[in-house]
Each structure stands twice: as C-alpha cells, then as structure tokens.
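Here are my notes on the model you sent round. I've kept them as numbered points so you can check each one in your viewer.

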Amino acid sequence: MSKKVQVKPKDLKWKSVQVSDTLDDFGGFYGLEEIDGVDVKIIDGKATFFATESKNNDVEQEQRESEDQELIEFKNLDDIEEGELSALSESDSDDEDDEIEDEDNLNDDDDELTENVFSADLDLQDVVSLVELPEWTKLAKFSMTTLQGLAKLGFTKPTEIQAKTIPLGLGNHDIMGKASTGSGKTLAYGIPMLENFVKSFKSKDNNRAIGLIFTPTRELAQQVTQHLTKVSELILKEKNKYAILSLTGGLSIQKQERLLKYQGSGKIVIATPGRFLELLEKNNELIERFGKIDTLVLDEADRLLQDGHFDEFEKILKLLGNYRKKSSKSHWQTMIFSATFSTDLFNKLASNHNHNKNKNDGENEMETVLKHLMTKIHFKSKPVIVDTNPDEKVSSQIKESLIECAPMERDLYVYYFLAMYPGTTLVFCNAIESVKRLNAYLNLLNISSFQIHSSMTQKNRLKNLEKFKQQAQHNSVLNKATVLIASDVAARGLDIPGIQHVIHYHLPRTADVYIHRSGRTARHKNEGVSVMICSPQESMSSLRKLRKVLSSNEAHLKKGKFRSKQKWQKTVPLLPIEIDIVSQLRERSKIASELADHDIASKSLSKDDNWLKKAAEDLGIDADSDDENKDTYLAKNKTKKINKTMAKDQARYSKAHLNELLSIPLRKDMRKKYLTGGLVNLADNLVKKRGHNSIIGQEEIGALALLKNKKNANKRTKK
Ligand SMILES: Nc1ncnc2c1ncn2[C@@H]1O[C@H](COP(=O)(O)OP(=O)(O)OP(=O)(O)O)[C@@H](O)[C@H]1O
C-alpha cells in the first residue's frame, strides 16, 4: 500500500481540462484543472494535499515541465456550497516568493486569471468563515460573492431597514422604504440587485442590464457606486471592471458613451436623471438595453421627485416604459427609498390632486404620498411600505442643540464651536457666497477648511471631498478641527465617515433638508451633534415652524384611535457657551471676517472686470467702465463689493495683527493671572497634558458628551 505524503500545492501536477471557450458555459468557472491520486484534507481551515509517495517524485519531475502552462483551477465562489470546498491551489507562506516569481512567468491571460478571479490572500480560512454570517444567511440565501463582500466590510449583520426590505427585494416586490439617515438604505436596495447581477453570469444574455439606480446628486451617485463595488469586488474583475457604472453630469459624456460599449459594462448603472436622459436621447440602442432592466431604484426619492429632476425622470420612464410595453415584458421591479417622505414635499406631485380631499381619514403619511407617487410612477403592483422610523424624524443618535446670537455674530460662534470642540465638522450654508466666505474666514484663522458647492466643477467637488477626508484623518490624531463647508448639494445621502458635528450656519429652509443635513453625522451606529446657529428673531419664527414639522408625526394618528399629536417640541437645548472664551475670540473673528470679505470681494471684482473685458472683446468694442456705472444694478453691486475691499497695506497690516493675536493661547477664566493660582493648578494640568488641547484651563469634553451630560442633568432636576 503506497504511503501518502503531504505535498505543497505548487508541487502538484495539475492536468488542464478542455472546456468550451465561451465564458457562459463555464457556469462561472474561469479556468479548470484536475488531478487524481491526491487527497485533500482541511486542516486548521486550510486545504492540505496528500499524494502517494511515488506520485510525489513524478509530481516534482513533471511539475518543472508543466510549470509555465500552469492554469490554476478556480471555482467561482458562488458555486461553492457550504462545507464543499474544491482543492484550490494555494501557496503556503514559505513558498510565497516562488509564487510571486511564478506569477512573473505567467503570460497576460494567466496573470488576468490569477489576479482577477481569486485574490491570493483569500485563503480557505476566509472562504470557510464567509458562510459563517448567520445574521445574514438566516435572512435569505446570498451568493458567496455578496457574503465575501459583507465579511470584508465587517458588516456582520443587516441593519433594520436591510433586514426588512432585502427579502422583499429578492422576492421581486415593489418597495417604498423609509428609514432614518445613515441606516443602510443603499445596501437595502443594492443587495437584491447585486444578487441578480451575480446570477446573470449564468444566464445566456450576459450583457443584459440588470438595474438602474437614480440619485439626486453626482456625489451620491459616486458614493453608491463605490459602496456597491466594494460589496461585489470579488466578481468585479478586469472582465467586469465597468459592470457597475456611474453616469452623472460634470464628467465627460463621450467617455461614458465609450464605457457603455465595453463588453459586460453597465449591468448596474447609478445615474443622475439629467445625464442619463441625455445619453438615452443620443442613442436609441440604450433605450432598448435599459428597457430590459429587472429593477429600477430611486434613492432619496423625495428629492428626485421634486426640484426639477422629476421632468427629466418622467421622460426617462416614458422612453423605457414604451420600449417595455412593446417588448411585452412584465414591468420592472421598482424600489424607492428616502429618510423623508412627507406630503408637503410632494406638492408638485399632488398638484393635480388636492391631497387634502383625497386623504382618507387616518390614512398615514406614507400611504398618502404613495398614492400620489402611483399617479406618476408605474409600479408592477402596490409597493410594500417599509417604514422603520415612523415616529422620529431626526435619527435618535443625533444630539441637537442651538446657539442663539446676533445675525452678525454667526462667524464668531462657528469659530467658538470649532475652538472648543476641535473635531470633524460639516457646516451647511444656504448660499454659495456664504460657503466661499466662511471657507476664507476659517483658513485665515488657521483652521483646516474645505468647501463644496454646486458652482464648482464636479472634479473639484470630488477632489475637495477627498482632501477633506484625508485632512480629517490626519487632524483627528492631533485633536485639531477639520471643517467641510457645503451648500445643500452635499446634504443628501453623502456618507462621509467620522463626521462628529453638523453646524447649520443658516437655518435650513425645509424640515427635510434639516433631517438630511443632520443625518451626515451619526452614521450607522455612531452618535453625533447637530447645532443650529440662529438669531433671536429666527428662533421665534422659522425655527418654531421647523420644530413643529419635525415634531408633528401623523403616524400616531391611527384610524379610530385618534391620539393627540405629540406636543411639538418647544425648545432645542441651548449649547452652553463659555463667555470668557468668546470674548477672547471676538477681535480675531472681526479681523478675519473683514479680511475674508476683502478676499471674496477682490476676487469677485477682478472676475467681473475680466468678464466685462472679454465680453467687450467678443463684441469688438472698448470696455468702457462708464457703461457699467450706467447700469444701476451692476453699479450698486460693484459699489457694495468695493466697500468690502481694503487697501493692500491695510490688508497686510490686518493679517499681521491677526497672526499676532492667533499666537496668544486662549485661556479659560482670564481672571486667573497666575498659572498656579486659583482652584485649578493650571501648571500641573499643562505638565500632565490634561485638559483642552488648545485652551489653557479648559476641561477636555466633546460637544456630544457635554449635551448628553446636560440632558441627564436636566432629567435629574426634573425628578
Ligand atoms: N449592515 C451594515 N452593518 C454595518 N454598517 C453598515 C451596514 N450597512 C451599511 N452600513 C454603513 O452605514 C453607513 C450608512 O449607510 P448608507 O449610506 O447606506 O445609509 P443611508 O440610510 O443611505 O443614509 P442616508 O439617508 O444619509 O442616505 C455607511 O457607512 C455604510 O457603510
């Protein structure tokens, strides 16, 4: 009886197996080999090979001859049943160098196979552990690709909205999903679509488009694309590099048309309606291609169905719907998701329906909204409504607060907040000019600040977002503030990791914008702070309206069980302010504000002059500045800007003065003249590096902890 000895995977003599040359018939296989007379045992989660001794010598002998033809057997992970693991050739660690050396000999195709189909670090241990995601596998049967993606992202269990909607999505139901911001809606609709995508590799029509996802902003489309790509990275190999494709404005349409021509590209498309309509109208073939989709998704649906997106979206639905009818295929599955679905957001939809009349007593808000939606969007059947936050409007993981100040002191209190709580902060302004100005103001105060707004090019928006994320990572170690200042284009859906605070520099115009802005913090299971800065007048008017909408939850009104509406929340807790710190910041803030006004006004004036000169050149006339003065609007506008500028030496002096002030450390309780005097031995704290990073004598406490302590303190005093 010949003895079995352990052999290394690379010493095995694999024989390649002839298979048909079209990928489809591989049933997901990318290359196939077989071997006989070798046993495989799983030891410590790793495949170990045992060959008969005689085989072993031959194996070594022949291995050298067949080395460069080596095609390694890879089984598409989706075909691996639990517990059944084919013998996958894998090098153990001491052969790593040879393995790398071998790879150098592989020709391009083999390179592609080795690198594309199976990442070397995904050894059996990982594959075995992948199926051990019980919280997911008890929900439904998922492909190994999806489980592998979820395991790699560390998503050990589904969020509530995912657990409730994924089985419905896999069951091809139409869905209307509502869940608080940061609760995982992207994968709630993304995973059922990815499962169809994985299955499509076994279907004959491997080029068919599987799904279309529409988002209201380019950034969100980019983010959803990245999110889905990460989950399905295992199957998205060179061959499928463009299978999940983002098609948005702001980037080259020619390139997007070229990418759509690649074999296997655009099986899942994430698009903004404007650009997608432009592509459809330029190329009828795309109408046929995307008319065949299985699933259509509207992310941030309420925003998509207003703000002018709806007209474009309606045209897209008509083009694809007409094709669908002609091809007499059943209608596609439709899933619409948002954190906010409130009837007043759907006025445009309900314009030809007076929704008050059509509203049945006790009908809840979601049903009313859905009724209007169904007049505009053709569903396969009545969508299943999944509402995981019927009561609260703002995620319960967000601590809200308010800073009341004079209208001209907004800058000062933003500066105060950032000085006191140097974390990662997102500041929202209602106007692009305010974004630019605040960005200049904070940079003058040596605070890392970046801006994104809709009048920037797409490339610059994405670049600034990237720079902000990198700087935030760097600064968090140094406990320094990093700020992203944004207009509401950034409010929706952006998932920027680690945002600790959201500041509303201006009060949002509607409740849903407030919810979406605040939802940029407290993502998934994290907590965060949302601070509104408003004047006393605003507190009495727009803030009261905002709070009333946020607190009114009609979900409580059930037919026959009329319960009184929750008393709307009269107050949001005021943020405790250290007046002595504010007083030390006042002069710096004033100089920085003036310099920021000067910067913005000077840039704007020079832009106006250039524009006028260019316009005059184009018209072949002299740029006569008098013309400009004759135009009262231009003249007034110009005067306003000139009044904000200062003479060059004045600007230089102010800057020098500001830098001098910035070199003086802030100190709590200015009254204490001596470091060792008073109740707290400041010197001791300094030596032991206790207390606030940049304010002497100030205790180190974050805004979230401060508000939580305050809330608990209030509870205690009420008892
Ligand atoms: N099952 C999960 N386990 C852990 N984290 C998850 C899970 N699903 C999603 N996440 C993470 O939670 C964060 C929020 O996800 P996502 O952006 O999909 O939320 P959302 O509900 O779409 O938010 P918004 O309403 O702001 O668009 C992301 O960072 C995502 O990676």
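1. Helix α18 (residues 432–444) lies across β14, β15 and β16, and runs at about 165 degrees to β15. Bear in mind that this is a predicted model.

2. Now the sheet under that helix. It's an open one with six strands, ordered β13-β18-β17-β14-β16-β15, and the pairing is parallel. β13 (398–404) and β15 (448–452) are the edge strands, each pairing on one side only. From one strand to the next, the twist averages 20 degrees.

3. Zooming in on one edge: β15 pairs with strand β16 (residues 482–486) in the parallel sense, over five bridges. If you want a spot to look at, Ser448 stands opposite Thr482 in β16. Helix α17 (residues 410–420) also packs on the sheet, where it touches β13, β14 (424–428), β16, β17 (501–504) and β18 (528–534). The direction of α17 makes about 160 degrees with that of β18.

4. Back to α18 for its charges. Lys436 and Glu433 meet there through their side chains in a salt bridge, 3.4 Å from N to O. Both lie in α18, three residues apart, or about one turn of the helix. Lys436 is partly exposed, with a relative accessible area of 23%, and Glu433 is also partly exposed, at 45%. Separately, salt bridges with shared partners join Asp411, Arg437 and Asp597 into one network.

5. How many salt bridges does a search of the whole structure find? The count is 20. One of them links Glu160 to Lys164, with the closest N and O atoms 2.9 Å apart. These two sit four residues apart in helix α7 (residues 160–170), about one turn of the helix. Glu135 and Lys138 form another, at 3.3 Å between the closest N and O atoms. Glu135 is partly exposed at 33% relative accessibility, whereas Lys138, at 63%, counts as exposed.

6. On helix packing, α6 (residues 144–153) and α8 (residues 185–199) meet at an angle of about 140 degrees, their axes 9 Å apart. So α6 is oblique to α8. The contact brings Thr145, Thr146 and Leu150 of α6 up against Leu187, Ile191, Glu195 and Val198 of α8. By class, that's four nonpolar, two polar and one charged residues.

7. Last one: Glu312, in helix α14 (residues 309–326). Glu312 counts as partly exposed, at 27% relative accessibility. Setting aside neighbours within four places in sequence, Glu312 is in contact with Pro273, Gly274 and Leu277. Thr272 is 40 residues from Glu312 in sequence and 9.6 Å from it in space, C-alpha to C-alpha.

Conventions: Residues numbered from 1 in each chain as written. Predicted model: local features only at pLDDT ≥ 70, side-chain atom pairs only at ≥ 80, totals over all residues. Heavy atoms only, no water. Axes fitted to C-alpha atoms, helices over the stretch in contact; angles between N-to-C directions. Parallel < 35°, antiparallel > 145°, perpendicular 65-115°, else oblique. Contact = heavy atoms within 4.5 Å. Nonpolar A, V, L, I, M, F, W, Y, C, P; charged D, E, K, R; others polar. Pairing = 2+ DSSP bridges. Buried < 20%, exposed > 50% of the residue type's maximum accessible area, 1.4 Å probe, protein only. Salt bridge = Lys/Arg side-chain N within 4 Å of Asp/Glu carboxyl O.
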